[in-house]
Amino acid sequence: MNILKYKFIHRLLTSPVFIFIIRLPFVLAFFLIIFSGLFGNIYRNPVNLTVGVIWLVFISFTAIIGGKIWCLVCPWNTLAEWIQYILRLPNAQFRVPGIFRNLWIAIIFFLLIIWLEYAIGLANNARIIAYLAMIIFGITFISVLFFQRKSFCRYGCPVGAICGLYGLFAPLELRSADKNTCRKCLTKDCIKGNEKGEACPVFEYPGTMDDNLYCILCTECIKTCPNDNVALNIRPPAADLLKFRLLSFSEIFMIVTMLALSIFGAMNISSIYFRIVDWSLAKLALPEIISLFFLILMLVLILLFLFYALSRICRTNLSVVAYTFLPIALFNHLANTLKLLNIRIEEIMPLISDPFGLSWNLFGTAGHLAKPFFDVGTLQYIAGPVMIVGLLYSIYLVYRLRNLKRFSILYTLYSILAMLAIVAFNWWLIPQ
């Protein structure tokens, strides 16, 4: 169903005022995070809870519903765009070199942030969060100055890459309403721009776009299309996953990394992680920073080998296997996010009375001792079904794959056993 057929929605999404209004709160929140992080208490600070937990929950759940809708309101991108407009800076003409037109920069950036989180407690240090937020904005703005359009959003942003993976599951898509109309169009204003709007900032062409991996829902193509041929469709969830298109190796590696980190994330907030760290320190004399690096690397390599082995068994490419495991990666990540939210949500109580760590007690809750909101048994009943949803979708993809490719029952069995093992392990880690 194309919701742009409703004139009210079409007018909203093509209105600069509406786009400004929905972006402004996120820009203000960005400045508040910078101010609070730089001048407030490092550890007792709303920034830690907001960025380390609430933002992650917001990103995960909005992306699985609306794809890369975060990119529409992203404060880094918005500020870079506003500054360029105010200063009348010319559009850069340099294209990103071909060797970097993939997700490898985003993957490296993503792994670096994860390493910082577990190595130095990034999500618990408001000062470092503020510095990192400013660095990301600096990179975004420099990209605007030197490279065409929004190259960092397309190739370098780890948040955008993760949202793109979630977007493959989302029940919302932006597409051309009729591909024949696109083929007959001579001006191609959606990729060139016109007086009504800018060219697609992430180099996408609606006429051939068939998934949500890169579209940032900026609405520019809705404004510029001379034939009113852009649709914003409500569709069944996971529609993109059923296409099994050929993925680049960097896209496959991003899925593997996402799955590995969903497992690592479950381990890290369990007692198992500390046992591994203590063992590596006692037996191998490896500090925690090195141990977590090798643990993440080991998980990535194990899963990559698993994907490769399954692809060899069924004599297909890695893309197909990666697609089938993506729902598990996404929903395991959601379950880990719920577990983290459960552990830290009560931190909001003392912060209400002392938001900047200045020894205030505005509402008498500054001395509240945060504890998990639900007990582990209740959490299993909440997070467990979330992981089961991902498992069921993955099994369904294997079933569809077997019908399309006529794979053997042996491959189907191996795939389902691997999926069951991963989900069971994550479920087991919940109360640890």
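Is phenylalanine 39 buried or exposed? Phenylalanine 39 is exposed, at a relative accessible area of 60%. The legends below describe close-up views of a predicted model.

**View 1. Phenylalanine 35 and phenylalanine 39 form a tilted aromatic pair.** The ring centres are 5.2 Å apart, and the planes meet at 45°. Both residues belong to helix α2 (residues 16–39); they are four residues apart there, so about one helical turn separates them. Phenylalanine 35 counts as partly exposed because its relative accessibility is 48%. Phenylalanine 39, with 60%, is exposed.

**View 2. Phenylalanine 58 and tryptophan 70 form an edge-to-face aromatic pair.** The centre-to-centre distance is 6.3 Å and the angle between the planes is 80°. Phenylalanine 58 is part of helix α3 (residues 46–66) and tryptophan 70 is part of helix α4 (residues 69–73), so the contact ties together parts that lie twelve residues apart in sequence. Phenylalanine 58 is partly exposed, with 33% relative accessibility, whereas tryptophan 70 is buried, with a relative accessible area of 6%.

**View 3. One aromatic cluster contains Phe58 and Trp70.** Its other members are Phe26, Phe30, Phe31, Trp55, Trp76, Phe137 and Phe141. For the model, the count of aromatic pairs comes to 21.

**View 4. A nonpolar patch on the surface involves helices α6 and α15.** The patch is formed by Leu112, Trp115, Ile289, Ile290, Phe293, Phe294, Leu297 and Leu301, which together have about 690 Å² of accessible area. Helices α6 (104–120) and α15 (288–314) each supply at least two of its residues, and α15 gives the most, with six. Tryptophan 115 is found in α6. Its relative accessibility is 30%, so tryptophan 115 counts as partly exposed.

**View 5. Strands β1 and β2 pair in the antiparallel sense.** Five bridges join β2 to β1 (residues 172–176). Among the bridged residues, leucine 172 has isoleucine 234 of β2 as its partner. Strand β2 covers residues 230–234, and four of these five residues are buried, so the strand is largely enclosed by the rest of the structure. In a regular strand, side chains alternate between the two faces of the sheet.

**View 6. Arginine 88 lies over the face of tyrosine 85, and arginine 95 over that of phenylalanine 203.** For arginine 88, the distance from the ring centre of tyrosine 85 is 4.8 Å. For arginine 95, the distance from the ring centre of phenylalanine 203 is 4.6 Å.

Technical notes. Residues numbered from 1 in each chain as written. Predicted model: local features only at pLDDT ≥ 70, side-chain atom pairs only at ≥ 80, totals over all residues. Heavy atoms only, no water. Buried < 20%, exposed > 50% of the residue type's maximum accessible area, 1.4 Å probe, protein only. Pairing = 2+ DSSP bridges. Patch = residues over 30% accessible without salt bridge, like charges linked within 9 Å, V, L, I, M, F, W, Y side chains within 5 Å. Areas by Shrake-Rupley, 256 points an atom, 1.4 Å probe, with all protein chains shown as cover. Salt bridge = Lys/Arg side-chain N within 4 Å of Asp/Glu carboxyl O. Phe/Tyr/Trp six-rings, centres within 6.5 Å; stacked < 30°, edge-to-face > 60°. Lys NZ or Arg CZ within 6 Å of the ring centre and 35° of its normal.
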